[in-house]
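Trainee: I should like a close look at a single part of this model, namely one strand and its surroundings. Please describe its partners and its packing in one connected account.

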Amino acid sequence: MPKAIRMYKTGGPEVMVWEDFDPGRPGSGEALVRHEAVGLNFIDVYHRTGLYPLPSLPATPGMEGAGIVEAVGEGVTEVKVGDRVAYAALPPGAYAQVRLIPAHRLVRLPESIPFRQAAGMMLRGMTARYLLYGCYKVKRGNTILVQAAAGGVGLILSQW
């Protein structure tokens, strides 16, 4: 049986339990993904501590991952079994060997991008894009300050 990190309450790292977990079969619009890599983000700490509450407990934390589609539910057209995929954002559940996720959240991953890179870039890339185009449309000639260019988001911002 696959395993997942489960939380039955919020708190320190000790609330995370590695246990058997059956995600079930994909329902309509869902895909079952076998993770090859998952991303670790500070929001995961906020979820664990309860600062940003999860929808319900018990829960599996984790906001991004990359892997292989193992099964799809009825009506799924975005991906097929065997596709390499990555995702970020809601719903949480990445800290698992396999998980169910809405198929519309998945992005097909080219062979040229390794799973580890994909699992670590999605949320950071979405944040960088939001900062450059959502908060304010940065244009040639604008000056911006990136105060933490050594972190994941700052690194992507600086390159973009």
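Mentor: The account below starts from strand β4 and then turns to its neighbours and the loops.

This is a predicted model, in which local features need pLDDT of at least 70 and side-chain atom pairs count only at pLDDT 80 or more, while totals for chains, interfaces and linings use all residues. Residues are numbered from 1 along each chain as its sequence is written, and side-chain values use heavy atoms, with hydrogens and water left out.

Strand β4 covers residues 64–72. Helices (H or I, at least four residues) and strands (E, at least two) are DSSP runs, numbered from the N terminus. Seven of the nine residues of β4 are buried, so the strand is largely enclosed by the rest of the structure. Buried means under 20% relative accessible area, exposed over 50%, and partly exposed in between, with a 1.4 Å probe and protein chains only.

β4 belongs to an open sheet of five strands in the order β6-β3-β4-β5-β7, with antiparallel pairing. Two strands pair if DSSP finds at least two bridges between them. The edge strands, β6 and β7, each pair on one side only. On one side of β4, strand β3 (residues 30–38) is its antiparallel partner over seven bridges, and L32 has A71 of β4 as its bridge partner. β4 also pairs with β5 in the antiparallel sense, over five bridges; here A66 stands opposite A86. A86 in turn has V107 of β7 as its bridge partner, and two bridges join β5 to β7.

Helix α2 lies across β3, β4, β5 and β7, running at about 115 degrees to β4. Such axes are lines fitted to C-alpha atoms, for helices over the stretch in contact, and angles run from 0 to 180 degrees between N-to-C directions. Contact means heavy atoms within 4.5 Å.

The packing can be followed through A66. Not counting residues up to four places away in sequence, A66 touches R34, H35, E36, A37, V85, A86, L109, F115, A118 and A119. In the largest nonpolar core, which has 13 residues, A66, A86, L109, F115 and A118 touch the most other members. A nonpolar core is a set of buried Ala, Val, Leu, Ile, Met, Phe, Trp, Tyr and Cys residues joined through side-chain atoms within 4.5 Å. β4, β5 (84–88) and α2 (115–134) each supply at least two residues of this core, and α2 gives the most, with five. A second, separate core of 11 residues includes A31, V33, I101 and A103. In soluble globular proteins, nonpolar side chains tend to be buried together.

F115 has a further neighbour: R84 lies over the face of its ring, at 4.3 Å from the ring centre. A charge sits over a ring if NZ of Lys or CZ of Arg is within 6 Å of the ring centre and within 35 degrees of the ring normal.

The loops hold some backbone features. Most residues other than glycine have a negative phi, and most peptide bonds are trans. In the loop between α1 (42–49) and β4 is P58, and the peptide bond from L57 to P58 is cis, with omega near 0 degrees. The loop between β5 and β6 contains P91, where the bond from L90 to P91 is likewise cis. A89 lies in the loop between β5 and β6 and has a positive phi of about 95 degrees although it is not a glycine. A89 is buried, with a relative accessible area of 15%.
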